[in-house]
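Open your viewer and keep the selection box handy. We will walk from stop to stop, and each stop tells you what to pick and what you will find there.

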Amino acid sequence: MKQWLMQDLQVPKENIALLLNQEGTKRRIEDTFMSHLVNNPAIAKGDALIVYFAGHGSTLRAPPDWCEGKLGSVQVLCPYDHDTKGPEGRVAGISDRSLFAMLAELSLIKGDNITLILDCCFPKAQLGSSARDRRFVRYTPTLKATPEDLFLGLWRGAVGRSFRGESGFFQDDCQSHVLLAACRPGEKALEWKEGGKFTSELLTVKDVLPFHQMKYSDLSEHLAKGLTHIQQHPVCVGRRKDRVFLNGVPFVADASLVPINGEKDRLRLEMGAMHGVVEGTEFSVHEHNRFGSINPSLDSFRVYEVHPTWSLARRKSMNKPGGRGSWARITRWNSRTPFRVYVKRTCSSILRRLFIRNKNSEAELDGIPVKEGLNIVQVETSAKADMSVGVHTRDVRVQNLDHLVPPTAHPLIRIEKDRSRSGVILSEAARFHMHLHRTNPAKPFHESLGMEIFRVDPHTQRRVGPNLLVDGTAAISHSEGARYAVVLHNHSDTDLWPYLAYMDSNGVDIQLLYHPQPSHPTPPLRKRSYLDIGCTGSGITPLNFPFPDNQHQESAFLKLFVSTSYTSMGLLEQSSSAYSRPPTPVPPPTPIVESKDQPQNWDTALVCVIMRRTRVRAKS
């Protein structure tokens, strides 16, 4: 479940609180619920929240005055210390009444986009006290805790709050959250060596069906189809069960997918030379453009005609049947510029070469998987390389050696030793190198573009001091909290659409500092004029150049892309963090109808930024 959240839904690791086995005591669960969810300032109202419980359920006889109406038993979740002695008597689990009060408090503060997933059960028929009687069933009988212990362990917010207990956790009119439960009330939820059957089916379904348009109620029906053979019927309850799963929050637009249109065998791709597309670039066709939702390739195309912001492509194979889709993802850039990599010889890499043979069909660079079409070549010495890679016992160490990067600014990136992740980093580094070095050979605006960098007061947004950019390089003494502005100059007779990218010298990270909106009535960078980015009156907040805390010096590039017509450049962005989203809100790609009165054109400009940290010394 954690892997699904982090890899598919791109949930940052710090956003997940995971309590395993002895960590999952009643007190620890309740305390973590408050600190990680209710009192967490990082959570905004409406954010998608998941409370997932995988374990055993139980029931206790209801004490007098426990809830409204008559009730025979109370449903409880069994924490690690269930039915043991605690400071408040026997631990009688986390009751339905307690959890409903907790979720009500949470929804009041953080909104009702809360999903409760319970992989446990509360069977009507008693299964006996022996483990053999309950084998493979997610249920534990409560043998020592008494009904009075339910009151002693009641969540403080539930005291005095009315509760209709006849349905237990399965209250269909619940407003605070939506419940996805492993089975119907009274049924058995089964488990096997791999864990709960319900959870296994959920993780199977997410790899088969797209979740970005899936309603909770439809999801429970799909889950039930995969579990009917074991007489287990997952259910979904709550007033908002017809809402899209997680209210669609994680399924944001993926900028790496761009629009396509045209006939079945020939398509127009809304990417061109400005994006790095060349003849022979290949892309896959997909149904949608959403993160976190299964989106298999339906067909493959190869570009045969390239324009500044769009291209024409035909199917790679006319013999194989293909599916129809509206979105494309680049699978092979067919880069003309080689990306030279030096692989350092380490004990780990030597042993891998001696004893491990690759059984997969994917390309490898000394054991590291790489994608084709990025023109990655291995060289024998670091002097000839654009990047060096060392595979060590616990991590993979990557260093950018590009000749454009100052020799004193070659940071070493340490990546957790994950074979797939190290391959991703190498591919991202090759894309970084491609985007850094590529230009328009015609250079239509090269002499007409100018750039200035100023320090600005973060409060007034007014310039402080002179232009920091001298002869193509800005040497900056950077202090904590410093903010900057960039002024773009257009000395040509053509209005231009500008896109400003910050390219970190670590050789991987690319962040768009400025991306115009497609709704802008005219190109923002007017002819014989300038555009302020971050100064007073610009309407744009001052820029914050990323500077890692553990580095004394940072080197980066500001690369300006300009075009005569609007295009989306969101696919440029990438990060060395395995599960981070692009920090800049970029408009999703949309099909553009260009004017026939003016031919398309594009160009670039590049400057280097070197920052040295200024340390403030306290007076004694």
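## Stop 1: two histidines

Select H433 to begin: with a relative accessibility of 5%, H433 counts as buried (buried means under 20% relative accessible area, exposed over 50%, partly exposed in between, with a 1.4 Å probe and protein chains only). H433 sits in helix 8, residues 419–437; helices (H or I, at least four residues) and strands (E, at least two) are DSSP runs, numbered from the N terminus. Now show what surrounds H433: apart from neighbours within four places in sequence, its contacts (heavy atoms within 4.5 Å) are T337, P338, F339, D386 and D402.

Before moving on, a word about the model. This is a predicted model in which local features need pLDDT of at least 70 and side-chain atom pairs count only at pLDDT 80 or more, while totals for chains, interfaces and linings use all residues. Residues are numbered from 1 along each chain as its sequence is written, and side-chain values use heavy atoms, with hydrogens and water left out.

Next, pick H392, in the loop between strand 22 (387–391) and strand 23 (395–400). Is H392 buried or partly exposed? At 22% relative accessibility, H392 counts as partly exposed. Add K344 to the selection: its C-alpha atom is separated from that of H392 by 9.6 Å, although the two residues are 48 residues apart along the chain.

## Stop 2: salt bridges

Side chains of opposite charge can pair when their charged atoms come close. The structure holds 22 salt bridges, each defined as a side-chain nitrogen of Lys or Arg within 4 Å of a carboxyl oxygen of Asp or Glu.

Select D119 and R138, whose side chains meet in a salt bridge at 3.2 Å, N to O. D119 belongs to strand 7 (residues 114–119) and R138 to the loop between strand 7 and helix 4 (147–152), so this pair ties together parts that are 19 residues apart in sequence. Both D119 and R138 are buried.

Then jump to R329 and D254, another salt bridge, with the closest N and O atoms 2.7 Å apart. R329 is in strand 17 (residues 327–332) and D254 in the loop between strand 11 (235–237) and strand 12 (257–262), so the pair ties together parts 75 residues apart in sequence. Colour them by accessibility: R329 is partly exposed, with a relative accessible area of 27%, whereas D254 is buried at 7%.

For a third pair, choose R528 and D493, where the closest N and O atoms of the salt bridge are 2.8 Å apart. R528 is in the loop between strand 31 (510–514) and strand 32 (529–533), and D493 is in the loop between strand 29 (483–490) and strand 30 (497–504), so to speak distant parts of the chain, 35 residues apart. Both R528 and D493 are exposed. Finish here with D8, K206 and D207, which are joined into one network by salt bridges that share partners.

## Stop 3: the barrel

Switch to a cartoon view and select strands 12, 13, 16, 15, 14 and 17. In that order they form a closed barrel of six strands with antiparallel pairing; two strands pair if DSSP finds at least two bridges between them. Neighbouring strands of this sheet are turned by 45° against each other on average, direction ignored (axes are lines fitted to C-alpha atoms, for helices over the stretch in contact, and angles run from 0 to 180 degrees between N-to-C directions). Zoom in on strand 14 (residues 282–286), which runs antiparallel to strand 17 and is joined to it by five bridges. Here V285 stands opposite A328 in strand 17.

## Stop 4: strand 29 and its partners

Select strand 29: seven of its eight residues are buried, so the strand is largely enclosed by the rest of the structure. Strand 25 (residues 449–456) pairs with strand 29 in the antiparallel sense over eight bridges. Strand 32 also runs antiparallel to strand 29, joined by five bridges. Put L488 in the centre of your view: M451 stands opposite L488, and L488 stands opposite L531 in strand 32.

## Stop 5: helix 5

Now select helix 5 (residues 197–205), where F198, T199, E201, L202 and V205 are buried. They cover an arc of only 160° around the axis, which puts them on the same side of helix 5; the arc is that of the directions from the helix axis to the C-beta atoms. The elements they pack against include helix 1 (2–8), strand 1 (49–54) and helix 6 (216–225).

## Last stop: confidence

Colour the model by pLDDT, the predictor's confidence in each residue, from 0 to 100. The mean pLDDT of the protein is 87, and 86% of its residues reach 70 or more. Select residues 350–362, where pLDDT stays under 50 and the model has 11 contacts beyond four places in sequence. Residues 578–583 also stay under 50, with 15 such contacts.
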